[in-house]
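Trainee: I would like to take a close look at one part of this model. Could you take me through a single helix and the way its neighbours pack around it?

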Amino acid sequence: MVNLFLRVEHQTTRLAMLGAIVMLIVSVTLGFYQVITRFVLDSPSTWSEVISRSTMIWCVFLGAAAGFRGGFMMSVEVIYKLLPARRLIWLEVLIALCCVIVLLVLIYFGSAMMLRVRSQMLSGLEVSIAWAYAAMPVGAGFALIAILARLLAQATGREAIGPAHDEAIADESSSSTNEEDVASSSITHKEGTRR
């Protein structure tokens with residue numbers, strides 16, 4: 001059952017990330033088009049700015065799912081270093097619980113707002129503004145699935161607990177690289193003095 005949920009989550013997060021990429025491409029392309037029409041053709045487009053802004057909103061909310069799944073949500077790495085390893089899962093549960101509460105609020109109020117404004121139209125287009133507001137509950141839903149999958153994978157031992165990147169490991173690797181550079185330069189210096 002856990003494997004099935006993780007496979008489904010992998011596909012939903014991948015779908016959200018692909019959607020975010022497409023929305024970013026559309027937003028950047030329309031932004032470029034708007035600059036061309038405004039400053040080169042001297043005939044500003046009325047619809048491109050609205051669609052560009054809406055697709056950027058979708059990009060942010062859909063891309064959040066991949067960020068949550070990778071563990072790139074806000075966390076204080078010092079706390080991970082202070083706690084014993086056996087208690088880190090409780091820290092992850094606390095972080096996930098806070099994120100779930102925020103995402104449930106986004107889903108609830110985002111859906112309510114989307115329904116409230118469905119009769120309003122985007123300026124310059126005959127499209128309901130609810131399509132732009134739908135990014136909140138849809139993106140929060142994808143992110144909610146990603147958070148639960150991350151926590152489940154960590155609790156069952158399928159993934160390491162803690163942040164995806166550790167500064168201590170990066171410092172150790174950079175210090176070992178620096179030591180190797182110093183050692184190789186001293187060897188080169190000694191060989192140069194022998195000659």
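Mentor: What follows is a reading centred on helix α6, moving from the helix itself to its partners and then to the parts beyond them.

Please keep in mind throughout that this is a predicted model. As a frame for the helix you asked about, the protein has seven helices and zero strands, and in sequence order the pattern reads α-α-α-α-α-α-α. Of its 195 residues, 31% count as buried. Among contacts between residues at least 6 apart in sequence, 70% join residues at least 24 apart, and the packing of α6 against α1 and α4 can be read with that in mind.

Helix α6 covers residues 135–155. With 21 residues, α6 reaches 30 Å from its first C-alpha to its last, close to the 30 Å expected at 1.5 Å a residue. How many of the 21 residues of α6 are buried? The number is 15, so α6 is largely enclosed by the rest of the structure. After the helix comes glycine 157, whose phi is positive, near 80°.

Two packed helices are described by the angle between their axes and the distance between the axes. Taking α4 as the first partner, α4 and α6 pack at an angle of about 165°, with their axes 8 Å apart. An angle over 145 degrees counts as roughly antiparallel, and α4 and α6 are therefore roughly antiparallel to each other. The crossing in which α4 passes α6 is left-handed, and the residues of this contact divide into 19 nonpolar, four polar and two charged.

The partner α4 itself runs over residues 88–116, and at 1.5 Å a residue its 29 residues should span 42 Å, which agrees with the 42 Å between its end C-alpha atoms. The buried residues of α4 are Leu88, Ile89, Leu91, Glu92, Ile95, Ala96, Cys99, Val100, Leu103 and Gly110. Where these are spaced three or four places apart, a general point about helices is useful. An α-helix has 3.6 residues a turn, so residues three or four places apart point the same way. What covers the buried residues of α4 includes α6, together with α2, α3 (77–82) and α5 (130–133).

The second partner to consider is α1. The axes of α1 and α6 come within 9 Å and cross at roughly 140°, and that makes α1 oblique to α6. The crossing of α1 and α6 is left-handed. On the α1 side the contact is made by Val2, Phe5, Leu6, Glu9, Thr12, Thr13, Leu15 and Ala16, and on the α6 side by Phe142, Ile145, Ala146, Leu148, Ala149, Leu152 and Ala153. By class, the residues of this contact are twelve nonpolar, two polar and one charged.

From α1 the picture can be extended to α2. Helix α1 (residues 2–40) and helix α2 (residues 48–69) have axes that come within 7 Å and cross at roughly 150°, and the two helices are therefore roughly antiparallel to each other. Their crossing is left-handed, and the contact has 16 nonpolar, nine polar and three charged residues.

Helix α2 also holds a residue whose position can be related to α6. Valine 60 lies in α2 and, at 52% relative accessibility, counts as exposed. Valine 60 and methionine 136 are 76 residues apart along the chain, yet their C-alpha atoms are separated by 9.4 Å.

Finally, two residues deserve a look where α1 gives way to α2. Threonine 37 lies in helix α1 and is buried, with a relative accessible area of 3%. Leaving aside its neighbours within four places in sequence, threonine 37 is in contact with Asp42, Ser43, Pro44 and Ser45. Of these, aspartate 42 has its place in the loop between α1 and α2, and at 65% relative accessibility aspartate 42 counts as exposed. Aspartate 42 also has a positive phi of about 55°, although it is not a glycine.

To return to the helix you asked about, α6 is largely enclosed by the rest of the structure, with α4 roughly antiparallel to it and α1 oblique to it.

Technical notes: Residues are numbered from 1 along each chain as its sequence is written. This is a predicted model: local features need pLDDT of at least 70, side-chain atom pairs count only at pLDDT 80 or more; totals for chains, interfaces and linings use all residues. Side-chain values use heavy atoms; hydrogens and water are left out. Axes are lines fitted to C-alpha atoms, for helices over the stretch in contact, and angles run from 0 to 180 degrees between N-to-C directions. Helices (H or I, at least four residues) and strands (E, at least two) are DSSP runs, numbered from the N terminus. Angles under 35 degrees count as roughly parallel, over 145 as roughly antiparallel, 65 to 115 as roughly perpendicular and the rest as oblique. A crossing is left-handed if the near helix is turned anticlockwise from the far one by less than a right angle, and right-handed if clockwise. Ala, Val, Leu, Ile, Met, Phe, Trp, Tyr, Cys and Pro count as nonpolar, Asp, Glu, Lys and Arg as charged, and the others, Gly among them, as polar. The expected span of a helix is 1.5 Å times one less than its number of residues. Buried means under 20% relative accessible area, exposed over 50%, partly exposed in between (1.4 Å probe, protein chains only). Contact means heavy atoms within 4.5 Å.
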